[in-house]
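User: I want to learn how to read aromatic contacts in a protein model. Can you take me through a case?

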Amino acid sequence: MQEDSTRLFIALWPEPALRAGVSSERDAWHWPAGAMPVADAKLHLTLHFVGAFPRARIAALETVLAALRLAPTTLHASGREVWRGGIAVLLFSADAALSALHAAIGEVLAGFAVALDLRPFSPHVTLARRARGALPPAGRVDIEWEPSGFALIESLRGGYRVLRTFGDADEGRADEPM
């Protein structure tokens, strides 16, 4: 990564009550030795990974993203899985509103020459890494999420910083690392 760039991603950033529910879900799993559960403050649903991005262009990216809105929607947790590579996830439904936002953000990023992930969009919250052999709790997942916007996040060593939120929950800049 160049010195004048930083690592970014765009995500749905859960409000405290939802974060507590996802944390409880994570804590109900049986993790194998060596598993690395994701810290509460880092739980999120990635819409797009941006990667290295020039700091000088962040304001321009924020301006274009500010024009996008997430239509009212309710996401439903739809399952639990451990993916290849030992990534334990909580899956969420991909409804029309979320899919439309994902596509619109992808178009914005393509306009900034960001290489997009070509895999199908699979909305999820990563609960743990190195979790091969993890056992999810029994029963249905009962988590609903009514996101009102999305966030531009900077990935720092050991944490994340919300650079800006967008949508009905637009709080502007938030410079506190998480």
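Analyst: Start with burial in this predicted model. Phe-112 has 11% relative accessibility, and the cut-off for buried is under 20%, so Phe-112 counts as buried.

User: Which ring pairs with Phe-112, and why is the pair called tilted?

Analyst: Plane angles from 30 to 60 degrees count as tilted. Phe-53 is the partner: the ring centres lie 5.9 Å apart and the planes meet at 55 degrees, so this pair is tilted. Phe-53 is buried too, at 2% relative accessibility.

User: Where do Phe-53 and Phe-112 lie in the chain?

Analyst: Phe-53 is in strand S3 (residues 45-54). Phe-112 is in the loop between helix H3 (96-111) and strand S6 (124-129). The two are 59 residues apart, so the pair links distant parts of the chain.

User: How many aromatic pairs does the structure hold?

Analyst: There are six. One of them is Trp-13 with Tyr-160: the centres are 6.2 Å apart and the planes are at 70 degrees, so the pair is edge-to-face. Here, too, distant parts of the chain are linked, 147 residues apart. Trp-13 is in the loop between strand S1 (5-12) and helix H1 (16-27), and Tyr-160 is in strand S9 (residues 159-167).

User: Are Trp-13 and Tyr-160 buried or exposed?

Analyst: Trp-13 is buried, with 16% relative accessible area. Tyr-160 is buried as well, at 15%. Together with Phe-9, they form one aromatic cluster.

User: Which charged ends sit over the rings of Trp-13 and Tyr-160?

Analyst: Arg-19 has its charged end over the ring of Trp-13, 5.2 Å from the centre. Over the ring of Tyr-160 sits the charged end of Lys-42, 5.5 Å from the centre.

Methods
Residues numbered from 1 in each chain as written. Predicted model: local features only at pLDDT ≥ 70, side-chain atom pairs only at ≥ 80, totals over all residues. Heavy atoms only, no water. Phe/Tyr/Trp six-rings, centres within 6.5 Å; stacked < 30°, edge-to-face > 60°. Helix = DSSP H or I, 4+ residues; strand = E, 2+ residues; numbered from the N terminus. Buried < 20%, exposed > 50% of the residue type's maximum accessible area, 1.4 Å probe, protein only. Lys NZ or Arg CZ within 6 Å of the ring centre and 35° of its normal.
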